[in-house]
Amino acid sequence: MDRRSFLKVIAATAGTAAVGGKTAAARPAADPDEDWAVLVDLTRCAGCRMCEAACAEANGLPEPDWSDDFSYASQRKTSDHQWSVVNRFDTRAGEVFVKRQCMHCLKPACAAGCLTKALVKTDDGPVVWNEDRCMGCRYCMISCPFDAPKFEYGSANPKIQKCQLCWQRLEDGGVPACVENCPNEALTFGKRSELLREAWKRVLDDPDSYHPHVYGEREAGGTSWLYVSPVPFDEVGFRTDLGEEAYPERTRNFLTAVPFVLVLWPAMLLALRRATGHEEEEQPPASHFLGAPTGDDGDGSSSHPGGVS
């Protein structure tokens with residue numbers, strides 16, 4: 001790749017990030033505790049899966065297939081055609097049902113890893129995917145500690161699929177479809193700061209019913225989905241090894257070197273190559289060194305077959 005081609009690639013990448021139709025607005029610097037959030041109370045979930053059906057209907061997804069696994073015989077993950085799933089766990093407190101979906105991190109690793117800003121944190125908190133910006137690199141899938149983004153491998157026009165916290169409903173003054181259709185009030189929607197206060201109030205008011213921890217308050221820098229549970233969270237399939245630091249913060253020092261690698265390093269290599277090539281052009285022929293034969297035997301004839309020296 002010559003210098004002109006390299007600059008074209010850089011310009012094309014920057015242009016890709018700038019195009020787009022109607023998309024979700026990236027958020028400015030704001031107080032993350034004022035993000036919209038959802039509190040999930042696992043002591044109240046009955047495993048009815050109405051949230052799954054509501055999510056599918058609101059987002060134009062296929063109806064959940066409950067024919068084979070409604071008995072909760074297997075642990076399901078979210079997929080490209082199902083953004084929300086409910087699983088059952090047998091714990092020391094008995095059966096516990098757990099709803100899982102994208103956690104909508106306060107500092108999402110998927111958005112930080114997206115080269116074209118197809119995934120962004122919106123003004124009110126939801127992490128959403130913009131179709132017209134995505135180039136299909138799938139770095140978001142690798143980056144996410146919660147395994148939320150899914151790729152449509154079987155589609156001719158593949159998309160990244162995941163819960164978007166019904167952000168368009170929020171813009172219209174509504175609430176997420178799963179929250180609206182939960183019959184047991186296991187899901188509560190509101191500002192994150194208010195939900196944290198409510199979560200800890202439940203834990204402290206009834207310590208015999210709740211494990212003393214609010215999942216999502218600090219995990220991976222904090223998330224917009226918060227959970228309270230009757231048992232420790234490792235018993236109900238949650239990762240407890242994430243730490244409190246946001247994942248993008250872990251790569252900050254590395255990412256500051258990216259502009260140098262992309263722009264300055266190729267220029268340095270080009271300059272070095274030119275300098276090396278110039279030296280080679282000025283070097284005398286090999287026959288000038290160490291008494292090498294000149295190809296002339298003194299009678300004007302060559303000592304090599306075919307006259308090649």
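Tutor: A disulfide is a pair of cysteine sulfur atoms within 2.5 Å. Keep that cut-off in mind here, and note that this is a predicted model.

Student: How many disulfides does the structure hold?

Tutor: The count is 0.

Student: Why is the sulfur of C166 not in a bond?

Tutor: Its closest cysteine sulfur belongs to C178 and lies 6.3 Å away, which is too far for a bond. Starting from C178 leads to C166 as the closest partner, again at 6.3 Å and too far.

Student: Is C166 buried or exposed, and what about C178?

Tutor: The general idea is that a residue under 20% relative accessible area is called buried. C166 has 13% relative accessibility, so C166 counts as buried. C178, at 8%, is buried too.

Student: Now the strands. Why is strand β1 described as largely enclosed by the rest of the structure?

Tutor: Apply the burial label residue by residue. Strand β1 covers residues 36–41, and 5 of its 6 residues are buried, so the strand is largely enclosed.

Student: Which strand pairs with β1 in the antiparallel sense?

Tutor: To read a pairing, look for the bridges and the sense in which the strands run. Strand β8, residues 187–191, is antiparallel to β1, with 5 bridges between them. For a position to find on screen, take V38, which stands opposite F189 in β8.

Student: Which strand runs parallel to β1?

Tutor: That is strand β9, residues 225–228, joined to β1 by 4 bridges. Here the position to find is V40, with Y227 of β9 opposite.

Student: What should I note about β1, then?

Tutor: Strand β1 pairs with β8 in the antiparallel sense and runs parallel to β9.

Definitions and conventions. Residues numbered from 1 in each chain as written. Predicted model: local features only at pLDDT ≥ 70, side-chain atom pairs only at ≥ 80, totals over all residues. Heavy atoms only, no water. Buried < 20%, exposed > 50% of the residue type's maximum accessible area, 1.4 Å probe, protein only. Helix = DSSP H or I, 4+ residues; strand = E, 2+ residues; numbered from the N terminus. Pairing = 2+ DSSP bridges.
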